[in-house]
4 protein chains.
Amino acid sequence: MTEKCGVVGVSLAGRDAARPLYYALYALQHRGQESAGIVTHDGFQQHSHVDMGLVGEVFDESDLDVLNGSAGIGHVRYPTAGSVDSSCAQPFSVSFKSGSLGLSHNGNLVNADEIRDDLAAVGHAFTSDGDTEVIAHDLARNLLKEDLVRAVKHTMERIHGSYALTISHDETVLGVRDPLGNRPLCIGKLEDGYILASESAAIDTLDGELVRDVKPGELIVLHEDGGGFDSYQLIERDNTAHCFFEHVYFARPDSVIDETLVYEARRNLGRKLWEESGVETDVVMPVPDSGRAFASGYADAASETTADGEIRPDDEDGVEFAEGLMKNRYVGRTFIMPTQDERERAVRLKLNPIKSTIEGRTVTVIDDSIVRGTTSTQLVQLLKDCGAEEVHVRIGAPAIVAPCYMGIDMATREELIASDRTTDEIRDEIQADSLAYLSTDAVAEVLGKERIDLCLGCVTGEYPYEIEGETTDRDVTRPEIDETPLHADD
Amino acid sequence: MTEKCGVVGVSLAGRDAARPLYYALYALQHRGQESAGIVTHDGFQQHSHVDMGLVGEVFDESDLDVLNGSAGIGHVRYPTAGSVDSSCAQPFSVSFKSGSLGLSHNGNLVNADEIRDDLAAVGHAFTSDGDTEVIAHDLARNLLKEDLVRAVKHTMERIHGSYALTISHDETVLGVRDPLGNRPLCIGKLEDGYILASESAAIDTLDGELVRDVKPGELIVLHEDGGGFDSYQLIERDNTAHCFFEHVYFARPDSVIDETLVYEARRNLGRKLWEESGVETDVVMPVPDSGRAFASGYADAASETTADGEIRPDDEDGVEFAEGLMKNRYVGRTFIMPTQDERERAVRLKLNPIKSTIEGRTVTVIDDSIVRGTTSTQLVQLLKDCGAEEVHVRIGAPAIVAPCYMGIDMATREELIASDRTTDEIRDEIQADSLAYLSTDAVAEVLGKERIDLCLGCVTGEYPYEIEGETTDRDVTRPEIDETPLHADD
Amino acid sequence: MTEKCGVVGVSLAGRDAARPLYYALYALQHRGQESAGIVTHDGFQQHSHVDMGLVGEVFDESDLDVLNGSAGIGHVRYPTAGSVDSSCAQPFSVSFKSGSLGLSHNGNLVNADEIRDDLAAVGHAFTSDGDTEVIAHDLARNLLKEDLVRAVKHTMERIHGSYALTISHDETVLGVRDPLGNRPLCIGKLEDGYILASESAAIDTLDGELVRDVKPGELIVLHEDGGGFDSYQLIERDNTAHCFFEHVYFARPDSVIDETLVYEARRNLGRKLWEESGVETDVVMPVPDSGRAFASGYADAASETTADGEIRPDDEDGVEFAEGLMKNRYVGRTFIMPTQDERERAVRLKLNPIKSTIEGRTVTVIDDSIVRGTTSTQLVQLLKDCGAEEVHVRIGAPAIVAPCYMGIDMATREELIASDRTTDEIRDEIQADSLAYLSTDAVAEVLGKERIDLCLGCVTGEYPYEIEGETTDRDVTRPEIDETPLHADD
Amino acid sequence: MTEKCGVVGVSLAGRDAARPLYYALYALQHRGQESAGIVTHDGFQQHSHVDMGLVGEVFDESDLDVLNGSAGIGHVRYPTAGSVDSSCAQPFSVSFKSGSLGLSHNGNLVNADEIRDDLAAVGHAFTSDGDTEVIAHDLARNLLKEDLVRAVKHTMERIHGSYALTISHDETVLGVRDPLGNRPLCIGKLEDGYILASESAAIDTLDGELVRDVKPGELIVLHEDGGGFDSYQLIERDNTAHCFFEHVYFARPDSVIDETLVYEARRNLGRKLWEESGVETDVVMPVPDSGRAFASGYADAASETTADGEIRPDDEDGVEFAEGLMKNRYVGRTFIMPTQDERERAVRLKLNPIKSTIEGRTVTVIDDSIVRGTTSTQLVQLLKDCGAEEVHVRIGAPAIVAPCYMGIDMATREELIASDRTTDEIRDEIQADSLAYLSTDAVAEVLGKERIDLCLGCVTGEYPYEIEGETTDRDVTRPEIDETPLHADD
């Protein structure tokens with residue numbers, strides 16, 4: 001089960017955590033629109049409000065009013081295809097021997113079924129199919145016999161895959177990031193406490209300050225008095241496997257992830273795109289809003305050098321940057337799709353071309369990705385209908401050739417247009433005059449990482465985790481762990 | 001946590017169980033209006049739909065369509081004061097090592113916390129406060145090491161209190177009734193399968209035939225092919241503790257519970273009431289709908305004998321039976337209650353007296369119980385305002401002097417008008433001209449049981465189960481059980 | 001357009017009218033469940049809240065809070081087949097030259113289209129298809145040139161058909177009943193004001209006192225200070241045409257309509273039914289709740305005389321009265337109907353027979369009417385399946401052979417089982433052992449009216465109003481009226 | 001009553017108009033989110049569906065399915081302060097003598113009360129307070145005595161103020177624009193019919209082609225067969241009074257209004273802004289999304305000339321354009337606003353600054369307007385907190401000093417920060433380092449109109465219509481009209 005989600009955790013000096021959590025979830029809403037939830041802890045009392053829907057739909061004032069306590073966690077969940085199931089909404093909360101536990105999870109375990117079976121073998125019963133419940137049960141079990149830090153360490157040794165977790169154990173709020181740092185998680189300082197969040201934009205929203213990213217394999221324990229946090233580097237690996245797609249597509253442009261501002265990364269990817277495959281056209285335009293930062297960087301680079309890589313002469317203008325496609329922001333969940341026999345193209349309801357920018361001109365359209373190819377095909381057609389003489393498509397990332405197993409719901413391999421087509425074949429399919437993707441090396445360079453420190457699974461087909469039927473890009477042998485038998489009394 | 005609920009389980013030859021379960025829950029709707037749910041099993045696939053609200057609100061056609069499988073259970077839950085919490089809605093469903101499990105529970109355990117602690121000590125984590133989850137975990141744990149029947153037996157030995165359970169374990173549907181038979185549960189034969197239900201009216205609704213009551217301490221296992229059922233008498237006790245209040249108040253009049261037709265029982269209790277405390281008045285009228293059957297029996301008896309117990313002479317009519325109070329059936333959940341400064345009495349919005357039946361006459365009003373006394377006070381006043389010369393109140397059951405801990409949510413002891421008042425004091429409080437309750441002996445006689453075979457806790461203050469701070473009416477020493485230590489491997 | 005509705009109007013000394021109107025509508029909810037509305041007047045300000053749904057769904061506290069003013073009217077509307085249209089919800093409110101106007105209407109005009117055309121001819125535009133808007137426009141037009149009483153009189157002269165109206169004109173509340181008194185309307189005295197309502201039960205609910213019925217052709221004007229009312233007998237006719245079906249079926253049993261208590265009328269109709277067509281069976285049972293009062297009267301009469309009309313000997317018991325059919329009160333609007341291929345009969349979900357009352361016995365079932373015959377057929381079958389040896393059906397009203405055009409939505413002529421069948425044919429159709437209806441003469445006698453003073457259209461096919469394609473039972477020539485031309489300035 | 005709305009009308013060859021109207025309303029959703037509605041005509045049958053909410057909330061498939069007919073109109077309504085009243089939702093539909101009428105109105109009449117009184121004097125009754133009903137009644141009245149074109153002409157002579165109307169009269173769809181052309185309205189050709197819409201983006205959405213704007217004072221009658229349209233120039237004036245604010249703020253950037261592409265106009269206003277009041281800063285950033293086009297033009301101009309108006313030397317870069325503020329698109333209607341005692345500034349929940357773009361730099365922020373000033377004050381503070389060395393604010397339009405009476409709901413005069421402050425005072429109030437607005441002359445120049453052909457009321461306080469208590473910018477004497485007395489028969 002792949003999930004694309006946002007997590008948050010807050011510990012404050014005295015004030016209730018519910019409203020800051022609410023605003024933080026609002027800031028992370030782009031990471032998940034299916035369900036939203038908050039769990040707070042007030043002494044040994046645990047309060048929970050989780051429901052299907054947007055943050056603004058799930059909570060009203062009275063809901064927040066009863067979520068007492070200065071410590072808590074929150075979650076927004078992405079609508080994954082198929083199982084729209086309220087039992088998977090998070091945070092997941094349980095009570096057990098030594099107290100109560102809340103868990104918010106972004107990511108995907110590769111051995112959840114194994115652990116579930118192990119736990120079931122000693123009598124555990126599960127109310128959902130989710131990874132999160134598995135983690136919760138394992139952690140609860142460990143907490144019977146050891147302290148919090150050791151318990152988290154043992155759970156981290158057992159679970160494999162991508163995870164950024166915020167955990168509430170009674171009034172203690174924790175943050176954990178998987179040893180490869182696949183999913184983002186960062187720490188922020190608020191005026192009267194600390195916050196853990198998937199993205200720094202959530203910290204900004206609360207007028208807080210980004211302290212730093214949580215490190216791969218690190219456990220952060222927020223102090224209950226909001227006065228600080230402790231760090232435990234529980235697992236260390238030689239390399240990381242940061243998801244490069246967070247920067248390309250998923251994260252907010254105003255977030256800083258692994259020390260890189262997403263907006264700046266996108267502009268630089270756009271600059272690289274010009275350098276690698278720039279084409280001189282009358283105008284360059286973004287697909288709004290996803291392509292805007294790429295297009296801006298692309299156009300900037302184009303004003304400096306020509307498509308051939310020469311310094312552009314002073315008397316040349318370079319490529320004009322213009323907003324040639326207008327987005328209808330109201331096309332939403334309840335939209336009635338056009339029927340087959342209606343002539344209007346669906347894409348035009350969402351994106352309307354500005355004819356005067358396009359007619360009789362050569363056009364470059366910039367976007368962040370092509371997934372199934374349907375929208376691109378319609379878009380190229382639309383621009384040609386508006387009188388574009390040529391339509392060139394440039395993508396600010398490598399072609400997606402394989403699925404993501406780590407927490408971003410893209411599509412199945414069969415649905416991916418690039419899984420079995422060359423770039424030329426895709427160009428023909430979408431009927432563009434030219435098409436180019438960015439190279440993976442350019443991605444690594446812009447993000448300032450070695451290739452091996454990124455998860456490039458979806459663009460190379462080689463994964464940093466062990467996935468059945470797929471190849472890996474590194475040694476994924478699980479470390480031997482001194483696994484004590486699963487008895488409570490030892 | 002006290003719960004007043006309805007449970008059902010169905011196993012059919014081929015047909016999906018969802019719709020029969022739906023109609024059965026409709027027939028049991030009077031047992032709980034807070035939430036409703038159905039769990040079905042289709043091979044190893046478990047389908048669940050549970051939500052807050054009435055049966056008709058919780059399910060629509062499309063919900064039933066996806067509840068595939070010829071085996072399943074259902075539940076309706078009573079709105080208990082306070083915790084309106086969707087996490088307590090049932091059936092409770094879990095998956096565990098040897099399959100999936102669904103549970104519907106009517107009743108109340110007295111040692112749920114103990115068992116919860118035991119299970120937590122070996123690592124179990126709980127998502128709700130409910131008894132039902134505790135039973136599910138215990139049963140799941142037992143199923144790791146033994147077969148279904150033994151597992152149920154061991155769970156029955158561990159849990160104490162009242163319970164009628166329907167359980168689905170993959171495609172097997174079970175029914176269990178606690179050793180004292182406190183809550184009702186019966187077996188019915190459908191054309192193409194078998195059904196377990198809290199009340200026989202649910203069987204009738206499906207055109208089925210009542211086979212018999214599930215016996216106290218008995219486990220019923222429905223055959224997966226709908227062709228029959230097996231019985232296991234897992235626990236035996238010398239005496240039962242059937243809830244007499246099911247007959248008086250809670251059950252549908254058209255249900256047969258423990259071999260007695262509820263309607264007939266109420267008529268006979270009404271007859272007894274005349275014999276014990278009949279008063280000659282111009283008219284006898286029921287409080288609709290609860291008092292109707294009692295009043296009918298009372299009036300019938302009155303036509304045969306006089307209040308003094310003599311055969312009524314042929315030229316005397318006895319007491320006239322009339323519907324003198326009309327009920328407004330639309331006063332429901334969303335009703336805006338009158339404010340203090342409004343003169344209208346709340347009771348009149350629900351019950352309107354027919355003046356011509358009342359004016360200038362002596363009146364006997366029959367009901368099944370007086371709980372807090374507020375309604376009775378208003379009612380007597382209302383009748384006097386309508387010109388009743390005398391108002392006599394007769395109650396078809398003994399006075400409720402203590403709370404129910406077994407699954408019927410009445411009120412706290414402080415709220416019960418009879419907990420610290422004599423009948424004369426209550427009569428004065430409600431300003432009736434006379435007041436009489438039925439004796440407990442009469443109840444036992446009408447139900448054809450020994451007193452010791454009934455649970456009379458709420459009318460005697462002596463309970464058949466061990467309840468902290470209360471006295472018991474029998475030996476409630478828990479049997480020694482050969483409790484194997486809670487390890488999975490033994 | 002036929003409508004079955006409830007109307008109310010209230011004028012109080014100082015207090016806001018909204019809450020009394022709300023409770024009155026609750027008391028009239030049985031007259032219409034499709035929509036509900038209240039209009040109040042506060043000086044020249046008119047407040048309106050009208051919506052689809054039950055009273056309890058349409059209004060919450062905050063809705064009532066803004067309905068300021070001590071004068072107002074209310075309406076509940078019956079769900080008529082087909083046009084579920086919010087534009088027909090009432091009260092209808094308009095503002096015009098001399099102020100604002102609110103109208104609640106129960107009934108049906110026969111010349112609405114004519115008047116609509118007349119008004120349209122001078123420029124009136126209409127927002128709905130309803131009769132009510134036509135009345136409002138006509139009245140508004142008259143008010144331009146004459147005082148309130150004269151204006152109402154002229155409107156009454158123009159409109160033909162059945163109508164009980166409550167009208168608010170600024171802070172003045174009026175009540176009008178059509179010259180034949182077809183629909184009911186009565187006046188009540190509240191502690192601090194006066195009320196007009198379709199039924200006296202609404203007055204009772206507010207602890208008020210029924211003053212009297214509004215007379216056919218009478219206008220009642222409530223004093224704005226709540227201190228009294230004026231009466232204007234604007235139109236007089238030789239005969240009335242009271243709807244007898246209000247007593248048989250539609251009205252609450254606790255209402256007094258045209259000086260007859262509905263409950264008492266039904267009991268007496270039941271007595272007559274025994275006298276006319278009594279059959280000696282082991283048991284007589286009502287179809288709940290509609291047949292209860294009839295059955296009670298029928299059984300009473302049967303205890304006095306034999307089916308042959310002889311005084312019953314002292315040693316004979318007569319017919320036993322018993323509740324042999326139990327109603328499931330939860331089968332409501334959202335109920336999912338059984339599919340064709342499900343065996344369960346729909347009727348059994350609503351009505352469950354008590355076997356012990358029926359098995360091996362001869363049974364008489366009493367109801368108020370047979371409309372389409374489907375339910376009766378199923379019911380007879382159900383009773384026979386339960387072991388009834390004979391099933392005799394007795395109906396407390398004449399057979400419905402023709403549609404109602406006056407405000408009660410029954411069915412089309414084709415759907416009425418009795419429109420083209422003799423009683424014997426119907427008996428065969430529903431497979432009863434015998435069937436009898438009450439005679440129209442018995443109805444007239446019980447209601448204490450001449451036949452000509454009742455509307456018997458639906459049971460005779462002869463109507464008191466002029467209806468295209470139907471015959472009439474009296475002279476329906478419209479009186480010549482000195483109709484001044486429709487100019488504002490004359 | 002001021003209203004900011006979108007209107008549309010469609011006439012097709014054969015196909016139902018409902019879905020095209022639905023998509024057109026989606027394209028106009030930015031013009032009104034309070035209510036939405038469609039009225040269609042199918043022969044003499046009129047179908048209407050109007051409700052509160054967004055287009056996507058108001059309509060589902062089944063609603064569209066019953067809106068039969070190849071002709072129809074639609075409306076979206078802007079949420080105006082206060083009266084959220086479903087009775088004002090449009091289209092307004094009525095039936096009258098010669099057929100049915102539907103009206104969608106964008107604008108505001110200045111003499112609605114007068115006409116209402118006149119109509120009331122001859123007996124008209126009104127169900128709402130709206131201008132639209134007044135126009136409908138007047139038009140309906142005229143249609144009694146004259147043909148459609150004459151009727152519209154007479155109504156246009158009577159009503160004064162701003163209006164763009166789409167009207168359906170049975171199967172004929174009309175469009176009317178007021179004689180000064182204040183509100184926009186244009187004609188489009190679809191494959192199988194014609195469309196009238198507030199903005200051309202609605203035409204694009206249906207793959208249609210913009211034909212031209214409806215001229216001020218012109219009536220367009222679409223042919224019922226979808227094959228063309230007729231034009232009637234019913235009223236002519238020397239000057240127009242186009243609302244310049246449509247271009248600045250209200251319309252979609254991809255719409256062409258009065259022959260100017262809104263996006264292009266905004267870019268050019270931005271260019272002018274640089275020319276008039278450019279300031280050299282490190283970076284220029286838009287307030288998204290409203291300031292984006294202005295900022296883009298401003299930055300473009302800055303790359304060509306310096307702030308002093310000199311040609312910029314080749315070795316100078318000019319002002320960097322960057323997206324330094326990120327918008328949270330999820331902050332919507334159900335958002336819980338921060339409490340006073342929460343530190344977070346509300347603006348930051350909607351707009352998050354990108355620190356790296358701002359810190360240590362001088363910043364120019366571009367927006368389209370300052371209304372109350374609150375947001376601007378918070379924004380300047382936010383940028384300074386992020387380390388901006390200087391914050392300069394540039395507004396792409398003149399200062400709003402007076403309310404709009406013509407159909408755009410801004411604020412009351414008291415709320416407008418510029419109504420009683422000089423630009424310097426506003427600068428101090430919002431604590432910017434500098435502040436400049438665009439001149440009205442620049443607006444006129446960019447839009448290619450004489451000042452007298454624009455409505456500049458909100459920026460000059462002089463209006464093109466007669467408004468009580470305000471001055472006018474032209475002769476607003478109402479022309480003498482040969483007003484025939486309001487009798488139907490003349």
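Leaving aside neighbours within four places in sequence, which residues is Asp367(A) in contact with? The contacts are Val287(A), Ser290(A), Gly291(A) and Ile395(A). This is a predicted model, and every value below is computed from it or taken from a named record.

## The annotated site in chain A

Asp367(A) belongs to strand 21, residues 362-367 of chain A. It is buried. The reason is its count of other C-beta atoms within 10 Å: Asp367(A) has 22, and 20 or more make a residue buried.

An unreviewed UniProt entry places the feature "binding site" at Ser290(A), Asp367(A) and Asp368(A). The three positions span 79 residues in sequence, yet no two of their C-alpha atoms are more than 6.3 Å apart, so they gather at one spot.

Ser290(A) sits in a loop of chain A, between strand 17 (283-286) and helix 10 (292-304). Is Ser290(A) buried or partly exposed? Its 18 C-beta neighbours inside 10 Å make Ser290(A) partly exposed. Not counting residues up to four places away in sequence, Ser290(A) touches Tyr249(A), Asp367(A) and Asp368(A). The contact with Asp367(A) thus appears in the list for Ser290(A), just as Ser290(A) appears in the list for Asp367(A).

## The fold of chain A

Chain A holds 16 helices and 26 strands. Its radius of gyration is 24 Å, close to the 23 Å that the globule rule gives for 490 residues, so chain A is as compact as a globular protein of that length. Along the principal axes, the C-alpha atoms fill a box of roughly 75 × 50 × 50 Å.

Buried residues account for 57% of the 490 residues in chain A. Consider the contacts between residues at least 6 apart in sequence: 71% of them join residues at least 24 apart.

The domain assignment splits chain A into domain 1 (5-239) and domain 2 (261-329 + 341-447). The C-alpha centres of these two domains of chain A lie 37 Å apart.

## Chain A against its partners

Chain A has contacts with chain D and with chain B. The table sets out the two sides of chain A by residue class.

| Side of chain A | Nonpolar | Polar | Charged |
|---|---|---|---|
| touching chain D | 19 residues | eight residues | 18 residues |
| touching chain B | 12 residues | seven residues | two residues |

Take chain D. Here 45 residues of chain A are in contact with 44 residues of chain D. Several helices of chain A each supply at least two residues of this side, among them helix 2 (55-58), helix 3 (61-65), helix 7 (200-205), helix 9 (262-277) and helix 11 (346-350). Which element of chain A gives the largest share of the side that touches chain D? Helix 1 of chain A does, with five residues.

Now chain B. There, 21 residues of chain A are in contact with 21 residues of chain B. Strand 5 (92-96), helix 4 (112-121) and helix 5 (131-143) of chain A each supply at least two residues of the side that touches chain B.

Not every pair of chains meets. No contact joins chain A and chain C, and their closest C-alpha atoms lie 17 Å apart. Chain B and chain D also have no contact, with closest C-alpha atoms 17 Å apart.

## Symmetry of chains A and B

Two copies of a chain are related by a rotation about an axis and a shift along it. What turn lays chain A on chain B? A turn of 179°, with a shift of 0.0 Å along the axis, gives an RMSD of 0.1 Å. The two copies are thus related as by a two-fold rotation axis. The same surface serves both copies: 100% of the contact residues of chain A recur in chain B. His124(A) comes closest to the axis of all residues of chain A, at 3.1 Å for its C-alpha.

## A residue in chain D

Glu218(D) is found in strand 12, residues 218-222 of chain D. With 22 C-beta neighbours inside 10 Å, Glu218(D) counts as buried. Leaving aside neighbours within four places in sequence, Glu218(D) is in contact with Arg177(D), Ser231(D), Tyr232(D), Gln233(D) and Leu234(D). Gly278(D) is 60 residues from Glu218(D) along the chain, and their C-alpha atoms are separated by 41 Å.

Conventions: Residues are numbered from 1 along each chain as its sequence is written. Chains are lettered from A and ligands numbered from 1 in the order in which they are written. This is a predicted model: local features need pLDDT of at least 70, side-chain atom pairs count only at pLDDT 80 or more; totals for chains, interfaces and linings use all residues. Helices (H or I, at least four residues) and strands (E, at least two) are DSSP runs, numbered from the N terminus. A residue is buried if 20 or more other C-beta atoms lie within 10 Å of its own, exposed if 12 or fewer, and partly exposed in between; C-beta atoms are placed from the backbone. Two residues are in contact if their C-beta atoms, placed from the backbone, lie within 7 Å. Ala, Val, Leu, Ile, Met, Phe, Trp, Tyr, Cys and Pro count as nonpolar, Asp, Glu, Lys and Arg as charged, and the others, Gly among them, as polar. The radius of gyration is taken over C-alpha atoms; the globule rule is 2.2 Å times the number of residues to the power 0.38. UniProt positions are given in the numbering used here, feature names are shortened, and annotations may be inferred rather than shown by experiment. Domain bounds come from an automatic or database domain assignment. Copies are superposed by least squares on the C-alpha atoms of residues with pLDDT of at least 70 in both.
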